[in-house]
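Please open the model in your viewer and keep the sequence panel beside it, so that each selection can be followed in both. The tour below moves from charged pairs to a single side chain and then to the pockets.

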Amino acid sequence: MDLTGKLLIAMPGMGDPRFDHSVVYMCSHGDDGAMGLIINKPSDLRIKTLLEQLNIACRIPIVGERLVHFGGPVEMSRGFVLHSSDYEANLHSMQISDDFSMTATLDVLEDLASGRGPLNSTLALGYSGWGPGQLEDEIAMNGWLTTEANSKLVFDVPDDEKWEAALATLGVDPLTLSASAGRA
């Protein structure tokens with residue numbers, strides 16, 4: 001099972017409040033573990049404030065007004081930009097799929113602030129990480145559903161609607177979900 005480029009949808013009652021109603025875009029998944037970014041949990045921090053702290057002038061007001069997201073509980077002082085694959089950083093961008101890339105270098109912030117960045121992007125502090133086999137165990141214990149990722153859901157749907165929109169891609173009504181797993 002390779003979930004790279006897919007979405008994880010947190011099930012009710014998963015037990016970790018940091019992931020309550022989360023939608024996680026999976027940046028990598030393999031034998032050595034998994035890494036993803038929560039895409040529907042904005043913080044109170046505006047991008048322009050973060051750019052000011054980094055001494056980067058923001059010339060694009062609409063970029064500066066957007067909120068930085070909580071990407072997950074690991075390395076919360078580190079930034080990650082999930083973006084459309086129309087952009088590649090000078091230093092390094094990781095292409096995840098035909099539609100998505102991720103960049104974790106300062107040059108993407110400079111390019112976003114000057115209008116040379118990707119067409120679509122989400123800036124997150126921290127990431128969600130799992131050790132070998134951990135994510136598979138959480139899925140088996142009814143902690144997560146998985147679905148295909150698409151640009152519209154990731155970048156265009158308002159954050160407070162992404163969880164239900166992700167469930168809708170599977171034909172699942174949130175009111176029908178159970179917080180407990182069963183065994184047949």
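**Salt bridges**

Seven salt bridges are present in the structure, which is a predicted model. Begin by selecting lysine 6 and glutamate 148, whose closest N and O atoms are 2.9 Å apart in a salt bridge. Because lysine 6 belongs to strand E1 (residues 6-10) and glutamate 148 to strand E10 (residues 144-148), this pair ties together parts that are 142 residues apart in sequence. If you colour by accessibility, lysine 6 comes out as partly exposed, with a relative accessibility of 23%.

Next, select glutamate 75 and arginine 78, a salt-bridged pair in which the closest N and O atoms are 3.7 Å apart. Glutamate 75 is partly exposed at a relative accessible area of 41%, and arginine 78 is likewise partly exposed, at 38%.

Then move to aspartate 111 and arginine 116, whose side chains meet in a salt bridge with an N to O distance of 2.9 Å. Which of the words buried and exposed applies to aspartate 111? Aspartate 111 is buried, since its relative accessible area of 9% falls under the 20% cut-off, whereas arginine 116 counts as exposed at 55% relative accessibility. To finish with the charged residues, select Arg46, Lys48 and Glu65, which are joined into one network by salt bridges that share partners.

**Serine 84**

Now centre the view on serine 84, which is found in strand E6 (residues 74-84) and is buried, with a relative accessible area of 9%. Show the side chain of aspartate 86 as well, because the side chains of serine 84 and aspartate 86 make a polar contact at 2.3 Å. A polar atom of the serine 84 side chain also lies 3.5 Å from the backbone nitrogen of leucine 119. Once the neighbours within four places in sequence are left aside, the residues in contact with serine 84 are Asp99, Pro118, Leu119, Asn120 and Phe155. Keep Asn120 and Phe155 selected for the next stop.

**The largest pocket**

Turn to the largest pocket, which has a volume of about 240 Å³. Of the 15 residues that line this pocket, those closest to its centre are Arg66, Asn120, Ser121, Thr122 and Phe155, so two of the names from the previous stop can be found again here. Strand E5 (67-70), strand E9 (121-130) and helix H5 (151-156) each supply at least two residues of the lining, and E9 gives the most, with three residues. When the lining is coloured by residue class, eight residues are nonpolar, four are polar and three are charged.

**The second largest pocket**

The last stop is the second largest pocket, with a volume of about 180 Å³. Select Met14, Asp16, Phe19, Trp130 and Glu138, which are the closest to the centre of this pocket among the 14 residues that line it. Which elements give two or more residues to this lining? They are E9 and helix H4 (134-140), and E9 gives the most, with three residues. The lining of the second largest pocket divides into seven nonpolar, four polar and three charged residues. As a closing view, display strand E9 on its own with both pockets, since E9 gives the most residues to the lining of the largest pocket and also to that of the second largest pocket.

Definitions and conventions. Residues numbered from 1 in each chain as written. Predicted model: local features only at pLDDT ≥ 70, side-chain atom pairs only at ≥ 80, totals over all residues. Heavy atoms only, no water. 1 Å grid on protein atoms, 1.4 Å probe; cavity = no way out; pocket = protein on both sides within 12 Å on 5 of 7 lines; lining within 4 Å. Points joined across faces, edges and corners; volume = space filled by probe spheres on them. Helix = DSSP H or I, 4+ residues; strand = E, 2+ residues; numbered from the N terminus. Nonpolar A, V, L, I, M, F, W, Y, C, P; charged D, E, K, R; others polar. Salt bridge = Lys/Arg side-chain N within 4 Å of Asp/Glu carboxyl O. Buried < 20%, exposed > 50% of the residue type's maximum accessible area, 1.4 Å probe, protein only. Polar contact = N/O pair within 3.5 Å; in protein donor to acceptor, adjacent residues only side chain to side chain. Contact = heavy atoms within 4.5 Å.
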